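Me: Hi! Could you walk me through this structure? I'd like to start with a pocket.

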Amino acid sequence: MPATIETAPNGEAPGGGSSVLLSVWQVSFIVAYFWAIGLYVYSLVLHRRNRQQLQHSKTHQSSPDIESKTHEPIETTALINGDKSSSNASKMTGVLQDFWSTPLVRCMLMDQQAVMDSSGMLLHMVEFGTILVWFFMCDRTNMFWQSEKWYNRDLFWFLFLCLTLVALGSSLQPVRTPLLLNRPQTEEWKGWMQVLFLLYHYFEARELYNAIRIFIAGYVWMTGFGNFSYYYRTGDFSIGRFCQMMWRLNFLVIFCCIVLQNSYMLYYICPMHTIFTVFVYACLGIAPQLNKSP
């Protein structure tokens, strides 16, 4: 069910606002977003209550004897619980048991200790969800004014020159790696190309279209070269490493497609990186014993 915006014949939303029909994926995102907010607030409440209990217990400790007595059953209980937990942990085997013991699933089950331990992760989830909500408000509603892109060649190159001078004065450093196309060098090139990508799309500098196509091809090639160097040097073809790479390449795009209801091919650079990574992984992962054979 795609998301649609009902508009009047003159292009404005009826009644001066906007009527947005949300898709199932967008509703799921909203539910997960508010769930993360609720759990994060709950973790703050638990941390505050825990601090208050610690302060209250310290005020009631009047002598070392009482303190040792009060701690003795706790330590005994902790040892007993530790033995029980270790014995229970030895019995929990298999993928399903490991899945149910993950912090995120324990938070979903409202485990107080897991919620307290995962407060940092919950904060990151709330921040990420807030950024996506901001994307939706700016791009899919009439809450903010929209304007046409305006390109000025002098302003474009002035901003690029200012950034170049700042980078030259702050980030210039020697590299001791003598290898050709070493990682610091390729990452430096990728960074400059990303700056040009952003400026190109922000100003819609059409006169740089051909140069940007060449930069994109070079960027994708360097990604493939970096993956080839890693797999050829380490021989690490584990599924976990491959899934981590796929996640890093696509997680932001996937969430943008869910929230904004855009096509995956709209973010064409990510499919290009993904397919090149799959090709390199397949070429070197199939019969890896032949990679270094003469």
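Me: Which residues lie nearest the centre of the second largest pocket?
Reply: Those are Phe 29, Ala 32, Tyr 33, Met 125 and Phe 255, out of 14 residues that line the pocket. Keep in mind that this is a predicted model.

Me: Which helix gives the largest share of that lining?
Reply: α1 does, with seven residues. At least two residues each come from α1 (24-59), α4 (103-108), α6 (119-140) and α10.

Me: And how do the lining residues divide into nonpolar, polar and charged?
Reply: Twelve are nonpolar and two are polar, with no charged residues in the lining. The space in this second largest pocket is about 380 Å³.

Me: Switching to α9: what span should it have, and how far apart are its ends?
Reply: Helix α9 covers residues 209-234, and at 1.5 Å a residue its 26 residues should span 38 Å. The end C-alpha atoms are 38 Å apart, so the two agree.

Me: Which of its residues are buried?
Reply: In α9 they are Ile 212, Ile 216, Tyr 219, Val 220, Met 222, Thr 223, Gly 224, Asn 227 and Tyr 231. Their cover includes α8 (183-203), α10 (239-260) and α11 (269-285).

Me: What follows α9?
Reply: Gly 235, with a positive phi near 70°.

Me: Last thing: where is confidence lowest, and where is it highest?
Reply: Strand β1 (residues 4-6) is lowest, with a mean pLDDT of 42, while α6 is highest at 93. Residues 1-18 have pLDDT below 50, and that stretch has 29 contacts in the model beyond near neighbours in sequence. Where pLDDT is low, the predicted coordinates shouldn't be read in detail.

How values were computed
Residues numbered from 1 in each chain as written. Predicted model: local features only at pLDDT ≥ 70, side-chain atom pairs only at ≥ 80, totals over all residues. Heavy atoms only, no water. Helix = DSSP H or I, 4+ residues; strand = E, 2+ residues; numbered from the N terminus. Expected span 1.5 Å × (residues − 1). Buried < 20%, exposed > 50% of the residue type's maximum accessible area, 1.4 Å probe, protein only. Contact = heavy atoms within 4.5 Å. 1 Å grid on protein atoms, 1.4 Å probe; cavity = no way out; pocket = protein on both sides within 12 Å on 5 of 7 lines; lining within 4 Å. Points joined across faces, edges and corners; volume = space filled by probe spheres on them. Nonpolar A, V, L, I, M, F, W, Y, C, P; charged D, E, K, R; others polar. pLDDT = per-residue confidence, 0-100.
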